[in-house]
Protein chains: 2
Amino acid sequence: MSELRWHPLLGQWVINATHRQNRTYKPPADQCPLCPTPSGTPPEAVTEIPVPDFEIAVFQNRFPSLQPAPPAPDVEGTAFYPVRPASGVCEVVVYTADHQGDLGTVGLDRVRNLVEVWADRYRELSALPYVEYVFIFENRGEAVGVTLHHPHGQIYAYPFLPPLMEKELEQCTKHWQDTGRCLGCDILTMEKEGGRVLHSDGSFLTFVPFFARFPFETHIWPLRHVAYLPELTDGERWSLARALQQLVQTYDRLFAKPMPYMMAMHQRPAKREEVGGLYHMHIEFLPLARTATKLKYLAGSESGAGAFITDMSPEFQAENLRAAAAGTPAAAASATAAGSGVSR
Amino acid sequence: MSELRWHPLLGQWVINATHRQNRTYKPPADQCPLCPTPSGTPPEAVTEIPVPDFEIAVFQNRFPSLQPAPPAPDVEGTAFYPVRPASGVCEVVVYTADHQGDLGTVGLDRVRNLVEVWADRYRELSALPYVEYVFIFENRGEAVGVTLHHPHGQIYAYPFLPPLMEKELEQCTKHWQDTGRCLGCDILTMEKEGGRVLHSDGSFLTFVPFFARFPFETHIWPLRHVAYLPELTDGERWSLARALQQLVQTYDRLFAKPMPYMMAMHQRPAKREEVGGLYHMHIEFLPLARTATKLKYLAGSESGAGAFITDMSPEFQAENLRAAAAGTPAAAASATAAGSGVSR
């Protein structure tokens with residue numbers, strides 16, 4: 001069963017995909033479905049990637065929430081409770097043939113290639129008639145629910161504008177109407193001088209935003225007004241690759257262990273050229289670790305009411321990430337227990 | 001440090017409360033701050049509740065995100081990045097003096113008293129000049145991030161309308177304008193006949209909604225149009241207490257262990273009498289367990305884009321909860337591995 005049901009109270013589509021309940025769950029490393037298939041492997045042991053080696057692999061998720069040719073919905077919709085087929089595409093982007101690694105360690109050339117792959121997939125998926133939004137993301141760490149440890153990200157091509165992107169577009173449109181300016185460009189003006197910058201090379205800015213909702217939440221934005229990945233120049237793509245690599249390295253130094261996070265790429269909706277002027281692409285990293293041993297939970301206030309609470313000021317978060325980036329990991333790791341900004 | 005910062009991209013307030021980072025974290029049972037204080041206890045060992053026994057206790061959270069007289073914000077706001085004091089109230093509602101227990105086991109009379117306490121707190125907190133929304137909720141289980149195991153819930157009196165409630169009110173207003181009817185009343189009409197009802201006694205309806213976003217998500221709604229708790233009659237309050245007790249018992253039978261969940265009480269915003277006619281109060285239970293051993297994670301799609309994916313049809317979820325309620329826990333516990341509705 002696979003269908004979209006309308007949530008009348010929240011005005012959003014809920015994806016129902018029942019065949020996913022039994023998806024691959026933490027397989028042992030020697031049964032990793034994202035590893036390449038050595039030549040001579042018997043047919044029953046072929047992985048999702050039937051070749052002995054690859055650079056970066058993209059394939060359709062075997063347990064997709066959304067499908068190009070979905071089955072007819074299981075229930076009949078009504079005007080009050082509409083139902084739609086779960087059209088769309090769910091892709092897996094495997095970063096490397098190695099079973100180990102991440103954006104911080106796979107090497108700059110590979111991250112640069114990944115940017116190319118993402119831009120390519122954005123272009124191709126956004127052209128599909130049933131796709132309204134292409135969401136490129138990565139879940140990292142068991143705390144985020146990751147069940148396959150081989151380095152990979154995902155792409156969901158939704159047949160609707162997801163709620164957070166809808167809200168964002170609404171806010172950007174309002175700001176455009178009020179001021180004639182792109183909201184993202186104005187955010188960048190503030191953030192350049194905000195004291196929360198982690199890294200900049202003139203093309204991309206990495207910073208903890210003034211309005212961070214997650215612990216150590218960090219954004220990577222192109223300084224030039226760019227609405228989606230394919231618009232980036234070659235130089236900007238290298239700059240983005242460097243920013244991604246540096247940020248993940250910084251995260252992993254902060255607590256001297258891999259930081260669990262969600263990476264969420266925000267681009268203008270598919271086929272919506274008309275909003276290109278008012279929408280500024282960016283990448284959000286949403287970590288889940290508050291300290292080396294404590295996680296942030298999205299509990300009652302966050303999940304039940306949508307109201308986020310943070311335990312550290314964004315300035316304090318930026319200070320600690322800068323210390324980690326500068327290679328003073330010990331200071332950073334103990335910072336939340338001993339440092340400034342946390343009243344005892 | 002304690003302040004509200006405006007998130008311009010999502011149009012919402014983020015609560016920054018840095019003194020919370022060091023809040024009480026999983027204390028041993030003999031140091032539980034929610035247990036009563038036996039007489040003769042030395043001053044340094046007095047708990048949050050300085051009396052030897054109590055029925056239900058309500059007190060202000062010692063590590064509050066929101067405070068009646070908050071300190072001045074740490075940073076100066078601007079027109080673009082507004083900042084406000086984190087005004088509000090965070091209360092803890094301790095269900096019983098016993099260290100063990102939950103809504104399913106503390107007894108019907110106690111749950112009935114709890115309804116009275118909630119109605120009373122709603123009335124009092126919603127009258128405060130700086131309060132816009134009174135959110136009564138419970139986080140249950142370590143999977144939800146609970147750090148104190150003594151049975152308790154919480155109340156956040158926000159100085160703004162939380163994002164999910166804002167969206168809900170928008171949808172209810174739209175429906176009212178389109179049809180002249182309350183959206184909640186229309187949902188109830190559909191749900192009464194939807195085949196997903198778990199329990200009803202003529203005053204309250206317990207059901208898995210057509211549009212469930214969480215695994216085994218269940219709603220408890222008054223059948224009569226009621227906008228907030230204080231409007232409930234004595235008979236309805238008993239009915240609500242029974243519904244709450246039954247639902248938690250059912251959850252705990254489903255997998256033969258305590259179900260981790262968030263309980264979220266949705267009532268009309270404080271001091272907004274004018275929306276009473278179009279807003280229907282209800283209680284949402286948002287569980288996090290998909291099976292006896294697997295959790296639902298709010299990962300990339302949910303947290304990064306706001307788009308929810310469920311692994312089981314709401315009809316299948318209701319069927320399993322009914323089986324658990326009927327006392328066939330074995331069937332229910334294995335249902336997600338063997339039952340109908342999950343294609344293999």
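**Notebook: helix packing, a central strand and the chain interface**

I began with helix α4 (residues 234-254) of chain B and helix α6 (residues 314-325) of chain B, whose axes come within 8 Å and cross at roughly 95°. I recorded α4(B) and α6(B) as roughly perpendicular to each other, because angles of 65 to 115 degrees are classed that way. I note here that the model is a predicted one.

I then listed the residues that form this contact. From α4(B) I found B:Q246, B:T250, B:R253 and B:L254, which meet B:N320, B:L321, B:A324 and B:A325 of α6(B). By class, I entered the residues of this contact as 4 nonpolar, 3 polar and 1 charged.

I looked up the corresponding helices in chain A. Helix α4 (residues 234-254) of chain A packs against helix α6 (residues 314-325) of chain A at an angle of about 95°, and their axes are 8 Å apart. I therefore entered α4(A) and α6(A) as roughly perpendicular to each other. The contact is made by A:Q246, A:T250, A:R253 and A:L254 in α4(A) with A:N320, A:L321, A:A324 and A:A325 in α6(A). Its residues divide into 4 nonpolar, 3 polar and 1 charged.

**Strand β11 of chain A**

I next asked how many residues of strand β11 (residues 261-266) of chain A are buried. I found 6 of the 6 buried, so the strand is largely enclosed by the rest of the structure. In a regular strand, side chains alternate between the two faces of the sheet. I therefore checked each face of β11(A) separately: A:Y261, A:M263 and A:M265 are buried on one side, and A:M262, A:A264 and A:H266 are buried on the other.

I followed the pairing of this strand. Strand β6 (residues 133-140) of chain A is joined to β11(A) by 4 bridges, and the two run antiparallel. Within this pairing I noted A:M263 in β11(A) as the bridge partner of A:E138. Strand β12 (residues 282-287) of chain A is joined to β11(A) by 6 bridges, again in an antiparallel arrangement. Here I found A:M262 opposite A:L286 in β12(A).

**B:H282**

I located B:H282 in strand β12 (residues 282-287) of chain B. I counted this residue as buried because it has 21 C-beta neighbours inside 10 Å, and the cut-off for burial is 20 or more. Leaving aside neighbours within four places in sequence, I listed its contacts as B:G184, B:H219, B:I220, B:W221 and B:H266. I also recorded a C-alpha separation of 22 Å between B:H282 and B:T105, which are 177 residues apart along the chain.

**Chains A and B**

I turned to the interface, where 68 residues of chain A are in contact with 68 residues of chain B. On the chain A side, the largest share, 6 residues, comes from helix α2 (residues 163-179) of chain A. I classed that side as 36 nonpolar, 22 polar and 10 charged residues.

Strand pairing also links the chains. Strand β13 (residues 309-310) of chain A is joined by 2 bridges to strand β2 (residues 12-17) of chain B, and the two run parallel. I noted A:T310 opposite B:N16 in β2(B).

Finally, I superposed the copies. A turn of 180° with a shift of 0.0 Å along the axis lays chain A on chain B with an RMSD of 0.0 Å. The two copies are thus related as by a two-fold rotation axis. Which residue of chain A comes closest to the rotation axis? I found A:L298, with its C-alpha at 4.0 Å. I also noted that the same surface serves both copies, as 100% of the contact residues of chain A recur in chain B.

Notes. Residues are numbered from 1 along each chain as its sequence is written. Chains are lettered from A and ligands numbered from 1 in the order in which they are written. This is a predicted model: local features need pLDDT of at least 70, side-chain atom pairs count only at pLDDT 80 or more; totals for chains, interfaces and linings use all residues. Two residues are in contact if their C-beta atoms, placed from the backbone, lie within 7 Å. Ala, Val, Leu, Ile, Met, Phe, Trp, Tyr, Cys and Pro count as nonpolar, Asp, Glu, Lys and Arg as charged, and the others, Gly among them, as polar. Two strands pair if DSSP finds at least two bridges between them. Copies are superposed by least squares on the C-alpha atoms of residues with pLDDT of at least 70 in both. Axes are lines fitted to C-alpha atoms, for helices over the stretch in contact, and angles run from 0 to 180 degrees between N-to-C directions. Angles under 35 degrees count as roughly parallel, over 145 as roughly antiparallel, 65 to 115 as roughly perpendicular and the rest as oblique. A residue is buried if 20 or more other C-beta atoms lie within 10 Å of its own, exposed if 12 or fewer, and partly exposed in between; C-beta atoms are placed from the backbone.
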